[in-house]
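Dear colleague,

I am handing over the structure shown below, together with a short account of what was found in it. Please read the notes with the model open in front of you.

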Amino acid sequence: MRRKLVAGNWKMNGSRASLVELDDIAAAAVRLPQVDVGIALPATLIALAAERVPALPIGAEDVHTNDQGAHTGEISASMMRDAGARFTIVGHSERRADQHEHDLQVKQKAEAAHRQGLGVILCVGETLAERDAGRAEQVVTGQVAESLPDGAASDWLSIAYEPVWAIGTGRTPTTANVAAMHGAVRAELRRKIGADAEQMRVLYGGSVTAANAAELLSAGDVDGALVGGASLTAEKFIPIVEAGAAIDRAISG
Ligand code: PGA
């Protein structure tokens, strides 16, 4: 049985004052131990957050491909870990679009993070034009195939399927579409890594809220959620964690 993972991603939001939100999120994570919870934060907040809520895994939103060097403005995985991060997101569609990150770079970032002992959430997802052209599955499984790090294993890597058109838009795919895509991702993982694919978590991301979390999290092959907007406050995020915990209870009886 795969444990559910509900991870937040603050993106370029938040300040020192907003870290107060983490207090209740950390308490909820302790109260709901059947779900893994983490929050990825802007680099400026990681050390403060890790010190403030040591029990809550704090993550980075990106890392560089290299461990150190002359890369002005960049931050390496070892620096993130030193600041207190325990995991990182790589390959988020906003970085693939804004920074033109490609699959090979995403793969190298995941490998760099793993070298430093960070967990990794690797994002994939199709654009609306790709979905409308009937290419969604091909695009997404292609991204999995090309960006999967060497040595990928379920104890440190999760995949997040995030349709680009569902991110921050309030639109979500049907649960049937989500289940079909997660099945396709898992089939690709089986081809790449064999039996461990059954243990690897495949999260859904894109406009997850308290209102739709229970439905999305119970779709076939969905092992958790990557949450942007609704992770910015404890009030919006905790019900999503609770939805994950309720499904776990329902499954385990
Ligand atoms: P959203 O973002 O929940 O605000 O749609 C999700 C993500 O980009 O990870």
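A pocket, as the word is used here, is an open set of grid points with protein on both sides within 12 Å along at least five of seven lines, and its lining residues have an atom within 4 Å of a point. In this model, which is predicted, the largest pocket has a volume of about 570 Å³. Its lining is made up of 20 residues, and those nearest the centre are K11, M12, E61, D62 and R95. Helix α4 supplies the largest share of that lining, with 3 residues.

The strands form a closed barrel of 8, in the order β1-β2-β3-β4-β5-β6-β7-β8, with parallel pairing. On average, neighbouring strands of this sheet are turned by 25 degrees against each other, direction ignored. Helix α5 packs on the sheet, where it touches β4 (87–90) and β5, and its direction makes about 175 degrees with that of β4. Within the barrel, β2 (residues 35–40) pairs with β3 (residues 58–60) in the parallel sense over 2 bridges; I39 has I58 of β3 as its bridge partner.

Helix α7 lies across β5 and β6 and runs at about 145 degrees to β5. Because a helix is expected to span 1.5 Å a residue, the 12 residues of α7 (136–147) should cover 16 Å, which agrees with the 16 Å between its end C-alpha atoms. Its buried residues are A136, V139, V140, T141, Q143, V144, A145 and S147. Among the elements that cover them are α5 (103–115), β6 (157–161) and α8 (175–193).

With kind regards

Conventions
Residues are numbered from 1 along each chain as its sequence is written. This is a predicted model: local features need pLDDT of at least 70, side-chain atom pairs count only at pLDDT 80 or more; totals for chains, interfaces and linings use all residues. Side-chain values use heavy atoms; hydrogens and water are left out. Helices (H or I, at least four residues) and strands (E, at least two) are DSSP runs, numbered from the N terminus. The expected span of a helix is 1.5 Å times one less than its number of residues. Buried means under 20% relative accessible area, exposed over 50%, partly exposed in between (1.4 Å probe, protein chains only). Contact means heavy atoms within 4.5 Å. Two strands pair if DSSP finds at least two bridges between them. Axes are lines fitted to C-alpha atoms, for helices over the stretch in contact, and angles run from 0 to 180 degrees between N-to-C directions. On a 1 Å grid over the protein atoms alone, a cavity is a set of points where a 1.4 Å probe fits but cannot get out, and a pocket is an open set with protein on both sides within 12 Å along at least five of seven lines; lining residues have an atom within 4 Å of a point. Grid points are joined across faces, edges and corners, and a volume is the space filled by probe spheres set on the points.
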